Amino acid sequence: MPTTEVVLFDIEEEEKEHSLGHHSEKLAVAFGLISMGPEDTIRVVKNLRVCDCHAAIKLISDITNREIVVRDNNRFHCFKDGSCSWKSAAQ
């Protein structure tokens, strides 16, 4: 079940669940992994806040030894070596 409190848009709860249910940032990271060189930084931009994909992208950055930068509607998240630059105390 998606974490809908991260959606800041004034839309119905069902629409929030639908918007978050696709986990587009994980799809974008997967596309970056298969289409970019191993030394390239993967950069993703999305118009909603990063949802529960945050933990998955931390893991992907650790396993693949890649830097992944995700820009959501509030901030940049720089994932490297299994950590995120934002709220590092919450890791």
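**Notebook: sheet, core and helix 2**

I began at the sheet edge, where Phe79 stands opposite Cys84 in strand 4. The model I am reading is a predicted one. I then looked up the pairing around these residues: strand 3 (residues 76-80) and strand 4 run antiparallel to each other, joined over two bridges.

Next I traced the whole sheet. I recorded an open sheet of four strands in the order 1-2-3-4, with mixed pairing. Strand 1 and strand 4 (83-84) stand at the edges with a single partner strand each, so one side of each lacks a neighbour in the sheet.

**Cysteines**

I searched the whole structure for disulfides and found zero. Why is there no bond between Cys78 and Cys84? The sulfur of Cys78 has its closest cysteine sulfur in Cys84, 7.6 Å away, which is too far for a bond; the cut-off for a disulfide is 2.5 Å. I also checked from the other end, and the closest cysteine sulfur to that of Cys84 is the one in Cys78.

I compared their surroundings. Cys78 has a relative accessibility of 25% and therefore counts as partly exposed. Cys84 has a relative accessible area of 3% and is buried.

**Nonpolar core**

I asked which residues make up the largest nonpolar core. I listed nine residues in all: Val29, Ile42, Val44, Cys53, Ile57, Ile68, Val70, Phe79 and Cys84. Strand 1, helix 3 and strand 2 each supply at least two residues of this core. The opposed pair from my opening entry, Phe79 and Cys84, thus reappears among the core residues.

I took Val44 as a probe of the packing. Leaving aside residues up to four places away in sequence, I noted that Val44 touches Glu25, Ala28, Val29, Val69, Val70 and Arg71.

**Helix 2**

I checked the length of helix 2 (residues 24-35) against its residue count. At 1.5 Å a residue, its 12 residues should span 16 Å, and the end C-alpha atoms are 16 Å apart, which agrees.

I then looked up which residues of helix 2 are buried, and these are Glu25, Val29 and Gly32. Seen down the helix axis, the buried residues fall within an arc of 60 degrees, so they line one face of helix 2. On the other side of the helix, I recorded Leu27, Phe31 and Ile34 as exposed.

What do the buried residues of helix 2 pack against? I found strand 1 (42-45), helix 3 (53-64) and strand 2 (68-71). Of the buried residues on this helix, Val29 is also one of the residues of the nonpolar core.

Terms used:
Residues numbered from 1 in each chain as written. Predicted model: local features only at pLDDT ≥ 70, side-chain atom pairs only at ≥ 80, totals over all residues. Heavy atoms only, no water. Expected span 1.5 Å × (residues − 1). Buried < 20%, exposed > 50% of the residue type's maximum accessible area, 1.4 Å probe, protein only. Arc of directions from axis to C-beta. Contact = heavy atoms within 4.5 Å. Core = buried A, V, L, I, M, F, W, Y, C linked by side-chain atoms within 4.5 Å. Pairing = 2+ DSSP bridges.
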